[in-house]
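Me: I'd like to go through this one with you by asking questions. Could you keep the answers short and plain?

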Amino acid sequence: MGIMSVSTQALAIHGGTPVRRSYLPYGHQSVTDADVQAVVEVLRSDWLTTGPKVDEFEAAFAARVGARHAVSFTSGTAALHAAAFAAGLRPGDEAITTPLTFAATSNCVLYCGATPVFADVTSDTLNLDPEQIERKITSKTRAILPVDYAGHPADLNAINEIAKRHGLIVIDDACHALGAEYGDRRVGSIAEMTVFSFHPVKHVTTGEGGMVTTEDPRLAKTLRCFRNHGISTDARERQKSGQWFYEMVMLGFNYRLPDIACALGLEQLKRLDSNLARRREIAARYTDAFREVPGVIPPFTRSGANPAWHLYPIRLDLQKLSADRAQVFSALRAENIGVNVHYIPVHLHPYYRQQFGDRSGEFPVAEDAYARLVSLPMFHAMTEQDVADVTAAVSKVMCHYAH
Ligand SMILES: Cc1ncc(COP(=O)(O)O)c(C=O)c1O
């Protein structure tokens with residue numbers, strides 16, 4: 001259907017017929033019979049929790065992202081907590097991060113008793129701006145925590161260079177970016193530690209789950225110990241060596257990802273390449289379709305970056321529209337398109353306001369983006385019809401509100 005034909009139809013929010021009958025979510029997992037089979041096999045085996053599947057999943061994951069070590073966790077949030085701990089964040093320390101992220105990124109700094117310090121993002125990729133990072137460095141800064149927003153790698157070379165110059169550690173929150181590439185390197189092998197999530201809307205799911213990758217064997221050892229109550233050996237290792245003795249050497253947590261979840265992750269990982277290819281195809285289709293649509297600014301890709309497209313966040317060009325983001329959002333939802341907003345900048349959340357005061361206005365690029373962002377449905381199981389419905393609904397709504 002051409003843009004002109006959809007633009008003349010009444011919006012569903014005004015009583016017209018919605019573009020879709022059924023609701024299309026912004027993200028959704030895909031689970032195959034092979035996934036189910038792999039999980040059932042583990043359920044019938046001797047090890048439900050830390051068993052052979054954990055090692056297999058970690059080894060396959062490390063190989064896929066080109067890292068020496070991969071340590072699994074019960075969630076991306078637990079993985080971030082462990083990475084922040086392993087980076088040595090303690091009370092009195094500061095870590096610089098982006099406000100345009102899910103709160104878990106900066107919460108992990110708080111879990112360690114340290115202080116998150118926000119720096120603004122660049123207006124193209126909405127990733128941390130290296131110049132703004134430099135301005136926030138103090139004698140208390142210990143770490144930089146970039147986020148690969150929407151799956152587009154952060155400016156990791158520039159950030160690594162700043163970190164090296166100031167003796168800081170880089171934890172890349174790549175919860176959006178499994179499979180992304182930055183130049184000739186894979187996300188997961190660029191920062192000192194990289195954190196991934198296996199939530200169902202991600203490229204690979206284990207239900208809940210997360211991973212930290214690193215080149216550094218000492219960091220890997222700390223991460224393994226931290227996820228196991230601070231105990232240096234796990235039950236399976238002790239069983240193998242015929243030993244019962246163990247000691248707790250640090251205050252850790254139970255953040256162990258079970259074998260059941262790792263079996264699912266192993267199967268899902270086999271489809272990462274096809275999942276990425278599909279997401280890249282959908283992104284290209286969207287970007288192409290929106291060239292002719294007024295008021296839509298598609299996400300920007302820097303040369304040399306190959307994003308993983310966890311999200312496809314458009315920005316509204318509000319000057320060209322007679323509606324604000326809330327109206328466009330409601331109109332798209334009424335068309336049964338499951339749009340979303342990523343993210344409320346973290347410093348604007350009530351908890352952060354209570355802890356750190358009202359910082360609104362301090363991060364103008366992130367805040368301006370927030371007022372205009374709309375995430376469109378993006379998941380690898382989307383059909384051609386789903387993609388066509390999204391482009392038709394966006395055209396219909398935007399043409400209606402265009403001046
Ligand atoms: C940028 C970012 N960091 C961290 C997380 C936390 O991951 P999880 O949900 O696996 O705890 C998410 C989750 O979606 C995320 O988007």
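Me: Which helix gives the most to the shell around the ligand?

Reply: This is a predicted model, where local features need pLDDT of at least 70, side-chain atom pairs count only at pLDDT 80 or more, and totals for chains, interfaces and linings use all residues. Residues are numbered from 1 along each chain as its sequence is written, and side-chain values use heavy atoms, with hydrogens and water left out. Helices (H or I, at least four residues) and strands (E, at least two) are DSSP runs numbered from the N terminus, and a residue is near a molecule if one of its heavy atoms lies within 4 Å of it. Both α4 (76–86) and α5 (104–111) supply at least two residues of the shell, but the top giver, with 3 residues, is α4.

Me: Which atom of the ligand is 2.7 Å from the side chain of D173?

Reply: D173 is among the residues that come nearest, along with G76, T77, S197 and K202. Polar contacts here are pairs of N or O atoms within 3.5 Å. On the ligand's side, the partner of an N or O atom in the D173 side chain is a nitrogen atom.

Me: How far is the polar side-chain atom of S197 from an oxygen atom of the ligand?

Reply: G76 uses a polar backbone atom, 2.8 Å from a ligand oxygen. S197 uses a polar side-chain atom instead, and its distance to a ligand oxygen is 2.7 Å.

Me: Where does β10 stand in its sheet, and what does that leave on one side?

Reply: The open sheet has 3 strands in the order β10-β12-β13, with antiparallel pairing; strands pair if DSSP finds at least two bridges between them. β10 (296–297) and β12 (residues 312–316) share 2 bridges, and V296 stands opposite L316. β10 has a single partner strand, so it stands at the edge, with one side left without a neighbour in the sheet.

Me: Which peptide bond is cis, with omega near 10 degrees?

Reply: Most peptide bonds are trans. Look in the loop between α12 (325–334) and α13 (350–356), where Y343 has its place. The cis bond runs from H342 to Y343.

Me: What is phi of A150 near?

Reply: Most residues other than glycine have a negative phi. A150 is in the loop between β4 (141–145) and α7 (156–166). Its phi is positive, near 65 degrees.

Terms used:
Polar contact = N/O pair within 3.5 Å; in protein donor to acceptor, adjacent residues only side chain to side chain.
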